[in-house]
Structures are given as C-alpha cells and as structure tokens.
Amino acid sequence: MLKDLYEKKFGVSPSEVERLTPAGSNRQYFRLKGCPTVVGVIGCSKEENDAFIYLARHFRSKGLPVPEIFAVSEDSLAYLQEDLGDRLLFDERSSIELLKKTISLLPDFQYAGAEGLDFSKCYPVSEFDSQAILWDLNYFKYCFLNTTGISYSEPRLEEDFRKMAVRLSANPSGSFMYRDFQSRNVMIKDGQPYFIDFQGGRRGPAEYDLVSFITQARAGFPVELREELTQTYICSASRYVDIDPEKFSLRLREFSLLRNLQVLGAYGFRGKFERKPHFLKSIPLAIGNLSTLIAEPFAEYPYLTEVLERMINKVTSELLLSATRRNESSLTVTVMSFSYKKGIPQDMSGNGGGFVFDCRGMENPGRYDEYKPRTGLDRPVIDFLESRGEIIRFLENCYGLVDPSVECYDRRGFTSLSVNFGCTGGQHRSVYGAQKMAEHIKAKYPHVKVHLIHREQNIDQSL
C-alpha cells in the first residue's frame, strides 16, 4: 500500500522500506528510502488519520513546525509524511535550550493554531469539556484504581470527580489543546523542534498541555526546571492572552492532578491489560509524581485525596515487594543454538514450552569459504550478518516475543524458559542469534539466570 502510494506520488519506487519502532499506539511506521525519503504511516482508524492530516495541513498553513503531508490513500488508512529523522526531544531533554524552544512554541499552536481551525474535524471529540474530563477520571478508576484492590465509596468519589470536571472544563479563550504534549511527541531536526502526534487534539484549556509536558513521568524534570519552563511558557503565551500568575499556578496544580490520574489510567490499560512492559515501568515514576503532588492535600477534593493516599501506600508496598522478589528470581532462561540436521533440542525442564526460532531464512555465511571454519561468535561472521541487516530485524521481533514471557514467568515464580535458535549447521546464524538473545535477556533482566548453550560447539556457560 505504501509503496504504491509512493510510486503514485513521486513516479518512482522507493529503494528500501524500513520498519520503524512502534510507539504507544497501534499505528505502524515505515521509512521509505529514495528521492525523497519519507515516512509512511498505516493507521487502524480512518477518523483518527483524517484528524491528523487535517490538523497537520492546518498548522502548516499557519507556518507552524509540523511534518508535511505528501500523499493520502483513498481510504485514508495510509499516508506519506515528511521524514523528520530519528531524534526525539525526549532523548535530548538535557538540553535546556531545546526544552525552552519547544515550550515557547506551544502557545503558537494553542492560540494561533486555533484561529480558523474547524474543531468538528478533531478526533474523537471536538472539545475537552466536563464529559471528556469525566471520561479521563473514570479511565483512571477502572484501568488503574480498581486494579489495586483498595475499597472506596463510589458515590463520594464520583462527587469529587464531578466537581473537578466542572472546575477544569472552563476554556474562555477557545484555545487548541494538544492533549498529549510530551517530549516523545517532539522531533528535533536541524536543531529545531517539530511537533507530531497531535491527532487527539481538540478545543480545551491551555494549562493541560503545559502540565503534560513538565510532569511527564519518564522525563524526570526536577522542580526547578519545571518552574523555569513554566515561566518560559507564561512569557510566550502572554503574547496572546493576559495571565494572572497566581491564578495560573493554582489552575496548574489542579490540572497536574487530573493529568496524573489520566496517565495512570493509560499506564494501567497499556501495561496491565495490553501487557506492554514499557508502560508498567513508568508506573513507579507516576506514583512518585502523584505522591509529591498530594503531599499538600486538595481541599477541593477531600475524598479523592484520601483515596489516593491509600492507593499510593498500597501500590508503593507492592512495588517494594515486587522488587524484592525480582532480586530473588527463581527463573532460569536457557538459550541454545542448534543444527536442524541434528534435531530440535529437548526441553529438559519438563515444561514442554518455550521458543524455537528458525534462522535459515537469512543468507548463510557457511556458503562462503572464508567463513566456513568460523562461528557466529567470530567478528568476520558477525560483520557479515550485521551488514545485511536481516538478522538485526529478525532479532528485534524475537525480543518482542520473548521479553513478555520472561516477565510473566518471573512474575509468576516459574523456574525455567527455553529459547532456541536453529540453522542448517548450528554454527553461524543460530550461534549469533542465541548469543545476542542471551546477552539481551541478561542486560534487561539482570536478576534472571541465563544459561547459554551452543550445542554444536560444545559451549555451555552461565551469564
């Protein structure tokens, strides 16, 4: 689909199509190399794609830094956009200059970007009103709070939720709300910030975006930097609206609470229900943010504050217990390379499970005389395999399958998991694959025991 779209737009075929690492959403991203090199996107929702494409073109017409849209498929499920490179602001967040540049641009999107914008084209709703806030609060309740097992009074909690929804939905300026404004949604190209992933934007309070940025859990901005970025934002936004610093500060604190709860709901859904480990790892950071925030109780929401205090205590205790268990893991992952000619390895643990990955779909170094006496542990063979890139992409997919099982087995107290790599002779491709997998598991899960066996080389070791 993307190749056809590229050919139709540019009159030539792309020289190469590279799959890019997916983000939190279900959209798929590809780099189509050629003249020009572009990024191709395949989305599951026509409406969501339409919103992004409309907003990107609208913002670009205002001179705002967003990727150019080159072509869109007839069904709107695929499109080609400008390639902004691979540098995320998240990876450059130690640069105060880039952070200030970014936060200074935000009001341009919120106010100049709102001029002439048809909010009816936003997805999934046009406005962040009281109903949308209640959806976020209930998202937190059902996807995170309820998973902690603490008891609470539903009517009393809902009463505080309704008060918050009414207080925070006011937006007299009619500004655009980015909705998920954070450092992972800003690219750096030629030293300048470019904004992406604004397809969930809508009319809404400007304070929400600032809070989303400065309190992002994994960014870990210290309090002093948050305050500095807030002052930078106020200075920039004052070009469009009058800001009372005291009232603004009070509103920011309440929006910080709302955003923290929404984020925990997202981490609960993505991590606990969709089983994406990246989001589970962010939960302790978000809990830390929330704990700091409610150290000074919210007089406006007394029962919610009480529930959150009990929730934080419960989650913190469970995280400490989980960390202790991880340090005492009983899991051993056995990683083995083998030759298909000599048969698939038997599972000696008795579980009868695990993974067997077939490496024979990649070019075999053993066909070349200079590599025949060597193995996948030797640098010339490693360079041969890596220069083609096939095995790197292959292993990325293998990691994506194995990592969730390692985490699940470890969490549930299982004692063994087998991961096997086979090729024709068990000498080159499978040895490389098994070695890399063993090193990956040990680096990512240092508390887990890793038993590495290269069967045909008679190598047996623990990492």
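This is a short tour of selected places in a predicted model, to be followed in a viewer.

**Stop 1: helix α6**

Select residues 207–214, which form helix α6. How many of the residues of α6 are buried? Eight of the eight are, so the helix is largely enclosed by the rest of the structure. Click along α6 and you pass Glu207, Tyr208, Asp209, Leu210, Val211, Ser212, Phe213 and Ile214, which are buried. Now show what surrounds them: the cover over the buried residues of α6 includes α3, α4, β6 (176–177), α7 and α8 (245–273).

**Stop 2: α3 against α6**

Keep α6 on screen and add helix α3, residues 96–112. The axes of α3 and α6 are 11 Å apart, and the two helices pack at an angle of about 160°. Angles over 145 degrees count as roughly antiparallel, so α3 is roughly antiparallel to α6. The crossing of α3 past α6 is right-handed.

Which residues make this contact? On the α3 side, select Leu99, Thr102, Ile103, Leu106 and Gln110. On the α6 side, select Asp209, Leu210 and Phe213. Colour the selection by class and the contact of α3 with α6 shows five nonpolar residues, two polar residues and one charged residue. The numbering is easier to follow with one general point: an α-helix has 3.6 residues a turn, so residues three or four places apart point the same way.

**Stop 3: Gln216**

Move along the chain to Gln216, in the loop between α6 and α7 (223–237). Is Gln216 buried or exposed? Its relative accessibility is 10%, and under 20% is the cut-off for buried, so Gln216 counts as buried. Apart from neighbours within four places in sequence, Gln216 is in contact with Phe90, Gln182, Ser183 and Arg184.

**Stop 4: His428**

Go next to His428, in the loop between β12 (416–423) and α13 (429–444). This residue is buried, with 5% relative accessible area. Show side chains here: that of His428 makes a polar contact with the side chain of Gln427, at 3.5 Å.

What else does His428 touch, not counting residues up to four places away in sequence? Select Asn364, Pro365, Gly366, Tyr371, Lys372, Arg374, Thr375 and Gly376, then add Val381, Leu385 and Cys423.

**Stop 5: two cis peptide bonds**

For the next stop, look at the backbone. Select Cys35 and Pro36, which are joined by a cis peptide bond with omega of about 10°. Pro36 is in the loop between β2 (28–33) and β3 (38–42). Then select Tyr123 and Pro124: the peptide bond from Tyr123 to Pro124 is cis, and its omega is near 0°. The place of Pro124 is the loop between α3 and α4 (130–143).

**Stop 6: two positive phi values**

Finish with Ser76 and Asp190. Ser76 is not a glycine, yet its phi is positive, at about 65°. To find Ser76, go to the loop between β4 (69–72) and β5 (78–82). With 9% relative accessibility, Ser76 counts as buried.

Asp190 lies in the loop between β7 (186–189) and β8 (192–195). Its phi is near 55°, again a positive value in a residue other than glycine. Is Asp190 buried or exposed? At 70% relative accessibility, Asp190 counts as exposed, whereas Ser76 counts as buried.

Definitions and conventions
Residues numbered from 1 in each chain as written. Predicted model: local features only at pLDDT ≥ 70, side-chain atom pairs only at ≥ 80, totals over all residues. Heavy atoms only, no water. Axes fitted to C-alpha atoms, helices over the stretch in contact; angles between N-to-C directions. Helix = DSSP H or I, 4+ residues; strand = E, 2+ residues; numbered from the N terminus. Parallel < 35°, antiparallel > 145°, perpendicular 65-115°, else oblique. Left-handed = near helix turned anticlockwise from the far one by under 90°. Contact = heavy atoms within 4.5 Å. Nonpolar A, V, L, I, M, F, W, Y, C, P; charged D, E, K, R; others polar. Buried < 20%, exposed > 50% of the residue type's maximum accessible area, 1.4 Å probe, protein only. Polar contact = N/O pair within 3.5 Å; in protein donor to acceptor, adjacent residues only side chain to side chain.
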